[in-house]
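Q: Please take a close look at a single part of this model and describe how the strand at its centre is set among its neighbours. A connected account would help, going on afterwards to other elements that can be read in a similar way.

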Amino acid sequence: MRNKILILALATAIGSTAQTLGRKLDFPADSPVTAVSSDWSETRATPRGGAYVLDVHAVLSLRNSSQKRIRGVMLAVQAQEVTPGGKGSVSVPSLDVAPGEAFPLRIDLPLLCPLGAGGPMVEVKLDGVLFDDLTFYGSDRLNSRRRMTVWELEARRDRKYFKTLLETAGNDGLQKEILSSIARQADRPSTGVQMVRGRSTNTDPEREVQFAFLHMPDSPVDPTTGTARIAGNEARMPHINIQNRSERGVKHLELGWIVKDQQGREFLAASIPSDVNLAPGKSGLVAQDTALRFSERTQVDSMTGFVSSAEYSDGSYWIPTRGELNDPKLRGVIAPSPEEQRLLQIYRKKGLNGLIEELKKF
Amino acid sequence: MNRHVKETDLALYASGDVSLWQRAAIHLHVRRCERCREVAGEFRADARALRDASAGLPEGLDWARLSAEMTANIRVGLEAGECVAPRVRGRLRKSVPASIPERWRPVALASAVAAMLTVMLAGAWWLNVPAQDTQALNRAMHSIWHGHAAMSDERGAVIEASSEGIELRKNGGSLGVTQDAARLMTVSVSTQGSASAHYVDQDTGQVTITSVYAQ
């Protein structure tokens, strides 16, 4: 009898805490994509302290209800917008969805929302859709237009590069480059990095370290000088002076931040996006009150910066060419574009012929 | 010498089963006390005789049967002891060993209940609380233990990217995006307060980019 009471008490203590989750697909009436079906069966909400953890696992089937081919979609997934941890996004770049066609979109995202009378709720909104003519639809609250446009331009650049390689060097040349890219991915050093806003509490002595820069011949903006504060395994407050050397205004810039540790390992630590609004020939400053912390055994030795993308004032973009990305310093640390990742996976799955068939579609 | 050492202690002393300081104290006493010296000598002689006798046990002895008989005898002895022992008030008292003095029994009972609750809470924690929370608690305890409790984790949102995925930490809690490791291709951090993980579907090659935002 005592055992039964004990088991009953234990069962009461550990009883199931999963909650019913409210969900809402919020697409505008004139949205170019419509939801055909959705499966939320794996989604759960669990109370934790003063909040719910929403473990969102859903598969949506979306249809292109527009008259154009879709190249990318970004959905905002949010529990409560004002809560840190309550907002995420899921993007699918490198699409080629014809009008009327359906495509799947998988959401795997944990979110936080406060405990409230209304119960846990997850809301999926359309942040943006990019079409094959680079026109855009959406609220763009998560800067999906810029991100998807850059991904699409990178996709076009990389497909063109591989198609040219196929034409000039044949199947063997393409295969060699694909295998080289797969090997680079496998060898690309990675380290855990934490990003925090503001001053860190690192007790190591701090020093100011100058950035070195990779200058890309075609880049509209040139970084001239720059520094960051380094203390042990932490780098913070990057300040980079830039100059617009193009004949057009530049309104947004994204810099890559490469860190070298005392063992000589180099890795891409972070990207530094910045709204600059830089007139032709003018100089400006990119400064952010941000700290990056690496694993404890990573002692920062030196840093390198480079321009990874820029948006002109007229809404057009600049991205590095394949030739510029072939710089020995960049080749080993830059991740392949989403399109190159897709093509490499097609090669792994279907072989060289499958890849060639895929390239011929564009 | 007007007080002798207890026989049980002398027996333990003779077999070498007392602590070092107790052994020294009894040894001093035995050197001066003829009676205790004799008793200790008898215990030593008994032990020698037992060792000699056990060396001569017959071959083919059925140890299993002997063990069962001994267990049964012990049970009979215990039940007989219960029949003659004074009645203990309350059911819970039965769970307190008789060797515990009466005045310590409430403390022993409270300890037993506390231990039971601890086991239940630990079980509930283990089954219900996500591993990330347990890790956050471990980190907090580690920071407090090592005297640097004000680590940046507690200063605001921390976004982390590693080969296992991306994670957002805030107020000691954490949210991690960790999918099938085979699908994870790239993670990246933006200094504007977001992190992204690129996943590739192994069948179709479709790339899905999941991002979390600190604000």
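A: In this predicted model, the residues of strand S6(B) point in two directions, with Val207(B), Ile209(B), Ser211(B) and Tyr213(B) on one side and Thr208(B), Thr210(B) and Val212(B) on the other, and all of them are buried. The strand, which spans residues 207-213 of chain B, is accordingly described as mostly covered, with 7 of its 7 residues buried.

S6(B) has pairing partners in both chains. Within chain B, strand S5 (residues 194-200) pairs with S6(B) in the antiparallel sense over 7 bridges, and Ser196(B) has Ser211(B) as its bridge partner in S6(B). These two strands form a hairpin with 6 residues between them, in which Gly205(B) takes a positive phi near 80°. From the other chain, strand S6 of chain A (residues 87-92) pairs with S6(B), again in the antiparallel sense, over 4 bridges. Here the bridge partner of Ser89(A) is Ser211(B), so that Ser211(B) is the partner named both for Ser89(A) and for Ser196(B), while its own side chain belongs to the set that points one way together with Val207(B), Ile209(B) and Tyr213(B).

Elsewhere in chain B, helix H1 (residues 7-14) has Leu10(B), Tyr13(B) and Ala14(B) as its buried residues. Because these fall within an arc of 95° when seen down the axis of H1(B), they line one face of the helix. Just after H1(B), Gly16(B) takes a positive phi of about 75°.

In chain A, strand S13 (residues 234-244) offers a comparable case for reading pairings. Strand S12 (residues 221-231) runs antiparallel to S13(A) and is joined to it by 9 bridges, with Asp222(A) standing opposite Gln243(A). S12(A) and S13(A) form a hairpin with 2 residues between them, and in its turn Gly232(A) has a positive phi of about 60°. S13(A) is also joined, by 5 bridges, to strand S16 (residues 283-287), which runs antiparallel to it, and there Ile242(A) has Gly284(A) as its bridge partner. A further 3 bridges join S13(A) to strand S17 (residues 290-294), likewise antiparallel, where Glu234(A) stands opposite Arg293(A).

Within S13(A) lies Met237(A), which has a positive phi of about 50° although it is not a glycine. Most residues other than glycine have a negative phi. Met237(A) is partly exposed, because 16 other C-beta atoms lie within 10 Å, a count between the limits of 12 for exposed and 20 for buried. Leu134(A), in the loop between strands S8 and S9 of chain A, likewise has a positive phi, near 65°, and it counts as partly exposed with 16 C-beta neighbours inside 10 Å. Gln78(A), by contrast, is found in strand S5 of chain A and is buried, with 25 other C-beta atoms within 10 Å; its C-alpha is 5.8 Å from that of Val122(A), although the two are 44 residues apart in sequence.

Chain A also contains a helix contact, in which H2 (residues 144-187) and H5 (residues 338-360) pack at an angle of about 40° with their axes 11 Å apart. That angle makes H2(A) oblique to H5(A), and the crossing is right-handed. By class, the residues of this contact are 14 nonpolar, 3 polar and 6 charged.

Key
Residues numbered from 1 in each chain as written. Chains lettered and ligands numbered in written order. Predicted model: local features only at pLDDT ≥ 70, side-chain atom pairs only at ≥ 80, totals over all residues. Axes fitted to C-alpha atoms, helices over the stretch in contact; angles between N-to-C directions. Parallel < 35°, antiparallel > 145°, perpendicular 65-115°, else oblique. Left-handed = near helix turned anticlockwise from the far one by under 90°. Nonpolar A, V, L, I, M, F, W, Y, C, P; charged D, E, K, R; others polar. Pairing = 2+ DSSP bridges. Arc of directions from axis to C-beta.
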